[in-house]
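Subject: Structure for your review

Dear colleague,

Please find below the structure that I am handing over to you. My findings follow it, arranged by helix.

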Amino acid sequence: MQPWQRLCGLHRVWLMQVPGTAGCVVALPASELWMQAQKRHRKLLRRGAVAVGAFEVAQAVTASWWQRMWPREHLWPARLRTLWESRVEWETWQVVAREAVTYPETVALAALLADGTFRQRVVADARGSVPFRLADLPSLPDAVARCLRRPWLAEELAAQTSGPLFTWAHQCVRARRGGQAVERDMWAVASAHRPRPVADELAEAARPTGRSTGSKRRRGHSRQADKAFATGLSYARRHLQEHGNLAVQKDTVVDSFRLGEWLHNLKTRAWALSQERVEALEALDVWWNVPWPTQWQRSYYRARDHAAVHGPPDAAAGFPGTHILNGEWLYLQCDHYGSLHPEQQRLLADIGITAEVVHTARPRRASMQAGFEAALEHARAYAAEHGHLAVSGKSVRYQGYPLGAWLTSQRSRARRAPSATKRSLALDAIDPWWNPPWPLAWQRAYADVRRLVETGHQLDATAGLPGIDAELTRWLSQQRAAPQSLHPDQRRLLAQIGMVEHGEKTPAAVGDDQDVDTAGTMPDAGLASARRFAAEHGYLAVASDYVHNGYPVGRWLASQRMQDSRHARSSRGPWPRGQLLAALDPWWNPPWHYSWQRRYQQARTLWQAGRLTLPGTPTIHHQQRDDREDEAKEVAAWLLRQCARHDVLQPEQQNLLADIGITAATAHMVAIAGRRTPVDHGLEHARSYAAEHGSLAITVDSSHHGFPLGGWLMRQRHRAAQGRIETERLAALNTLDAHWNPPWPLAWQRAYHRARTATASDAVTDAERRWITTQSRLRDSLHPLQQQLLTQLGAEPATTPPTITPQRRYPPSEGLPHARSYASEHGHLAVSTPTEHAGFPLGSWLLQQRRKARSGRLSARTLQELTALDPWWNPPWAYIWQRRYHQYRTTLATGEPLPTELQRWMRKQTALREQLHPHQQGLLTAIGLHALLFHSERQGHLA
């Protein structure tokens, strides 16, 4: 019975709802309050479904207020005592009389909520954002307080962040941004907010004091959900103790509990949570469910923590002292202060960002031009103090400014720019050589020497440059010894300080255009120094920073090696200077890595001096230990590594090692002695897996008890194909599964084992039955061993080919014309998947047709057309084999030399011929592979 039907205006009585009885009739006071509410209720119901929904929401609101019963609420307690029937206990009366006592306020509130004009005012107060608390919608608490004639109620409602009235306001604001479905949700009352049935409340009131209430589940609630909420709340409490808030990202995990997802799910339907759950979460963090992004709240917490330590941020000064991201975030809030949520503005005010402060805020970062001008001032001051800008290293700071990092960035930008920029010109005005094409260390040394000259110091090279420290003296000697290796601008700079006379003829480096005679007769300090070094040591493998008798011969040789390699790439014949250096040391510029040659020469020198113990020989212990003994140990370890990789060294390297006593036999003996015999864990896991499943046809990513068995088996198949697998291991794998390495695709073998297992257990599915039928139809194109396996499975060959009778006539496929054109041009259809022909994706189309053909879904016409173009367009072996075969056949037909990859493929097919499909063997015989292979091997032996 509806509430307005329980009231009899004629007799002024109310029919109370008492469970287990027909009801209790209670006389109403002489006041017209209930009768006016009834008339208003009937008038309201004429509006339709909106009125019904509004009354349900109002009932939930007044019921929640009844449970709370604010201290300043005096009307309801007085009304309750006025209606009390003495024959009913007071505790029971408090439960059954709630609907009668609150009926006038419920009707008044329902009329207010159903008013369209009032709802528009509520939406306007929201300013496009959902509310965080009812105070964000000031018209709502004030209107409700006036409607119910309770001025104090506005203050109580403004602080609410949950409950049925807040849910209605939340959905009301969302309804303006959504459709009809969202508008219907506005009048839906969540189960947690519905008034509890009177019977349940009476049962709870009758329960003795102190008895546990957990034995009986509350109607409309789930014990499992309550337990899950308690678990999530405990993890949220742990996160709060560690971080101080619940502004977590969605992927946050606390001890394997997905706290981020749990909170996200709660926020999604926070409006439907019960008051108890909301209060539990708010007790942890009042801002656990904010209507703005969680990332904003996380940034705010960082700003709040900074303000707690360093005080309110100084917005007028550009937020100095803050982290760059934190300062930029604060300025962004000031810039968009008007569009922030009212609660966001209140939070910012707590850390000193008020409406007055935001107008004076300046950006955290200065403008790029202002930053460049400030850096340029530091550059001018540094150049005035030191005389140059050759600053390197990002850690160099000048007057607190990171000048080194800034200049490094400017040099990088200047080198990328196609022409001079305004910034590079500004730096050129300070120091023309701020970005030289030579090393900055050279420029710094030159600047130091120039400052000495400017202060009146004389550079007397004949007297040994007196008055100059040893470092600069060495640098000046190097420049005078090899001026021809310097840049022309470097030589001009040296001439300005008197180190090179303007009229002095410096020896020029021999170029590519000079002949051998000219190069041999021209005086060259580098070549002369190299001759002296080679005469003394017998080789030229020196470090790039090596200096011989004051001349940087290491740097000069590095330059010669670069020129020799550049000349060799240009294919203009032998380089004259290279011939002169090769006469001094044949391996002055080896084809292998230069560090190998240097280490070898080091080993040769120690070996000749008797200080090196070669691998495989008894160790000689010296009585006296010196630094060269440590050097010998390093070289001996290097020689051990060369023995281990002796087979992959170039023949010339092997010959050089043989010169010091390390022959191929010695290296093999040392490698075997140092090789450990590992436990064959892979074979043990293979035995265990085969005993459990009966096969070894597993995918490459499969694991067995944590061991990557799939990857291990794939490596063994590769080794078997290359002939490098151990005989014992191969025999063991063949014993476990005779077809562990089949010549057909492994996917076929896995499908066969699934079908065999299903057949043995009499649990064949439709998919496996279709596979067996398809293999029976394609039996003639299968490998003989595959045919034997199918016979063991009981799959007999198809006696008659399937006849496909299409129900409708389909248009011809658009890929067939492109397939005809490609086949007429190349003679086959073995194309890769990305291949396109005249803009048509032929490779992808053929891949789809092959899949259809193998599943028996390809139309008879398309199958016939493709088979006529290329009988092996859909081979029963690996498709990559067919592509390699056509590449090999085409290369032979054109007479071009075989690439290394095709040569390896040719040898592999010959070695594994017996494992190939008979049709594959026929294709290889058709191109005369055996004869060609024999001819190539014979030519190799003759060579």
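Two residues are taken to be in contact when heavy atoms lie within 4.5 Å of each other. Please note also that this is a predicted model.

Overall composition

The protein contains 44 helices and 3 strands. Of its 943 residues, 41% are buried. Considering contacts between residues at least 6 apart in sequence, 58% join residues at least 24 apart.

Helix H22

Helix H22 covers residues 470–481. Its 12 residues should span 16 Å at 1.5 Å a residue, and the end C-alpha atoms are indeed 16 Å apart, so the two values agree. The buried residues in H22 are Leu472, Thr473, Trp475, Leu476, Gln478 and Gln479. Their cover includes helix H21 (440–454) and helix H23 (488–496).

Helix H16

Helix H16, residues 324–335, also has 12 residues; at 1.5 Å a residue the expected span is 16 Å, which agrees with the 16 Å between its end C-alpha atoms. Buried in H16 are Asn326, Gly327, Trp329, Leu330, Gln333 and Cys334. These residues occupy an arc of only 160 degrees around the axis, and therefore lie on the same side of H16. As general background, an α-helix has 3.6 residues a turn, so residues three or four places apart point the same way. The buried residues of H16 pack against helix H15 (294–310) and helix H17 (342–350). On the face turned away from the buried side, H16 carries the exposed residues Leu325 and Asp335.

Helix H28 and Trp607

Helix H28 (residues 594–608) consists of 15 residues, and the distance from its first C-alpha to its last is 21 Å, close to the 21 Å expected at 1.5 Å a residue. Its buried residues are Tyr594, Trp596, Gln597, Tyr600, Gln601, Ala603 and Leu606. Just after H28, Gly610 adopts a positive phi of about 75 degrees.

Is Trp607, which is found in helix H28, buried or partly exposed? Buried would require under 20% relative accessible area, and exposed over 50%; Trp607 has 32% relative accessibility and therefore counts as partly exposed. Leaving aside residues up to four places away in sequence, Trp607 touches Leu612, Leu614, Asp659 and Ile660. Trp607 and Ile660 are separated by 53 residues in sequence, yet their C-alpha atoms are 7.1 Å apart in space.

Two helix pairs

The first pair to report is helix H2 (residues 49–68) with helix H9 (residues 164–175), which pack at an angle of about 145 degrees with their axes 8 Å apart. H2 contributes Val57, Ala60, Val61, Ser64 and Trp65 to the contact, and H9 contributes Pro164, Leu165 and Trp168. By class, the residues of this contact are 7 nonpolar, 1 polar and no charged.

The other pair is helix H41 (residues 879–894) with helix H43 (residues 918–926), whose axes come within 11 Å and cross at roughly 10 degrees. Angles under 35 degrees count as roughly parallel, and H41 and H43 are therefore roughly parallel to each other. In this contact, Trp881, Gln882 and Tyr885 of H41 meet Gln920, Leu923 and Leu924 of H43. The contact of H41 with H43 comprises 4 nonpolar, 2 polar and no charged residues.

Yours sincerely

Methods: Residues are numbered from 1 along each chain as its sequence is written. This is a predicted model: local features need pLDDT of at least 70, side-chain atom pairs count only at pLDDT 80 or more; totals for chains, interfaces and linings use all residues. Side-chain values use heavy atoms; hydrogens and water are left out. Axes are lines fitted to C-alpha atoms, for helices over the stretch in contact, and angles run from 0 to 180 degrees between N-to-C directions. Helices (H or I, at least four residues) and strands (E, at least two) are DSSP runs, numbered from the N terminus. Angles under 35 degrees count as roughly parallel, over 145 as roughly antiparallel, 65 to 115 as roughly perpendicular and the rest as oblique. Ala, Val, Leu, Ile, Met, Phe, Trp, Tyr, Cys and Pro count as nonpolar, Asp, Glu, Lys and Arg as charged, and the others, Gly among them, as polar. The expected span of a helix is 1.5 Å times one less than its number of residues. Buried means under 20% relative accessible area, exposed over 50%, partly exposed in between (1.4 Å probe, protein chains only). The arc is that of the directions from the helix axis to the C-beta atoms.
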